[in-house]
Amino acid sequence: MGQIRIGTCGWTDKTLIESGWYPPAADNPERRLAYYARQFPIVEVDSTYYGPPNERTTQLWADRTPDGFTFNIKAFSLLTGHPTRVSALYKDLRPETDKKNVYPQDLPPQTYEDVWSRFLTALDPLASAGKLGALLFQFPPWFGISRSNKEYLLEVTARCRAFRPVFEFRNASWFEGGNQGETLEFLRAHHLPYVAVDMPQGYKSSVPPVLEATADLAVVRFHGHSDKWTSKDIQEKFGYRYSDEELAEWAPKLRSLADQAKSTHVLMNNCLGDYAQRNATTLLDLLGDGAESAPGS
């Protein structure tokens, strides 16, 4: 069985800080990250979706964590075709427009290229430190299965070069009927890691929990089962705590997935209070020696 790294999608959420999960001594960003790295071997950074990071920030992340710790980075919204706030773009690249949000087609081609280049360059400190894991490309609900969208997956892979992009879909067409086999075959043929998800079902953005490794890296993200999945309130959308019984059912499935890959990343994204951290700790206990310990522990 390949190694399993378990962590959460973030460590700075306000409700997490208020939950009491951090000890009183972890009273600033540096100490919180150090404490987190003593509990888990991996974290996913979601803030990079809302605004691209800078090299100073990623260097601090690298400096403040022990050797062997891993950061997965969520791709900036513009790079996955999501509406992107003009104010989130690099200041010198912001277009003169009355729009609050823009898409790639709203920008000059060179500006789009510059965003790509700067985003990837900002990750160099993590890569140099051996702490850069996967780059998560989570696509919008309108990104369905098509030849052009498959070609974009290949384009992303080429742009990322030595980095490791992984792909999460939010459109059920990739897995409807015979499309599931086609999707998995395409990903395997090009060695593209697929992100399996556990999420509420019955919505336009719902994707079934298909646990398959399509490359030597497998990724699973747990979004919870909130009955307010369509809420614009992030806390309502992801405010779900998995029961011990639910996680116990997942443990053998994760072991089976790990048998198909060299490395498996499991990230809890039910980020309200300390739900994600508590659930991740339970999974670590359930998997025992099958899960990697935190390098800072």
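This report looks at one helix and at some salt bridges in a predicted model.

## Helix 10

Let's start with helix 10, which covers residues 244–258. It has 15 residues, so at 1.5 Å a residue it should span 21 Å, and its end C-alpha atoms are indeed 21 Å apart. There's a kink along the way: about 25° at Ala251, shortly before the proline Pro252.

Ala251 is also one of the buried residues of this helix, along with Leu247, Trp250, Leu254, Leu257 and Ala258. What do the buried residues of helix 10 pack against? Their partners are four strands, namely strand 1 (3–8), strand 8 (195–198), strand 9 (217–222) and strand 10 (263–268), plus helix 11 (275–287).

## Salt bridges at partly exposed residues

The model has 15 salt bridges. One of them joins Arg31 to Asp27, with the closest N and O atoms 2.8 Å apart. Arg31 counts as partly exposed at 45% relative accessibility, and Asp27 is partly exposed at 45% too.

Another pairs Arg164 with Asp216, at 2.7 Å between the closest N and O atoms. This pair ties together distant parts of the chain, 52 residues apart: Arg164 sits in strand 7 (residues 164–168), while Asp216 is in the loop between strand 8 and strand 9. Arg164 is partly exposed at 26%, as is Asp216 at 39%.

## A buried pair and its network

Arg221 and Glu168 meet in a salt bridge at 2.6 Å, N to O. They link strand 9, home of Arg221, with strand 7, home of Glu168, across 53 residues of chain. Are these two buried or exposed? Arg221 is buried, because its relative accessibility is 0%, and Glu168 is buried at 0% as well.

Both belong to a network of salt bridges that also takes in Glu44, Asp46 and Arg170.

How values were computed. Residues numbered from 1 in each chain as written. Predicted model: local features only at pLDDT ≥ 70, side-chain atom pairs only at ≥ 80, totals over all residues. Heavy atoms only, no water. Helix = DSSP H or I, 4+ residues; strand = E, 2+ residues; numbered from the N terminus. Expected span 1.5 Å × (residues − 1). Bend = angle between axes of the 7 residues up to and from the residue. Buried < 20%, exposed > 50% of the residue type's maximum accessible area, 1.4 Å probe, protein only. Contact = heavy atoms within 4.5 Å. Salt bridge = Lys/Arg side-chain N within 4 Å of Asp/Glu carboxyl O.
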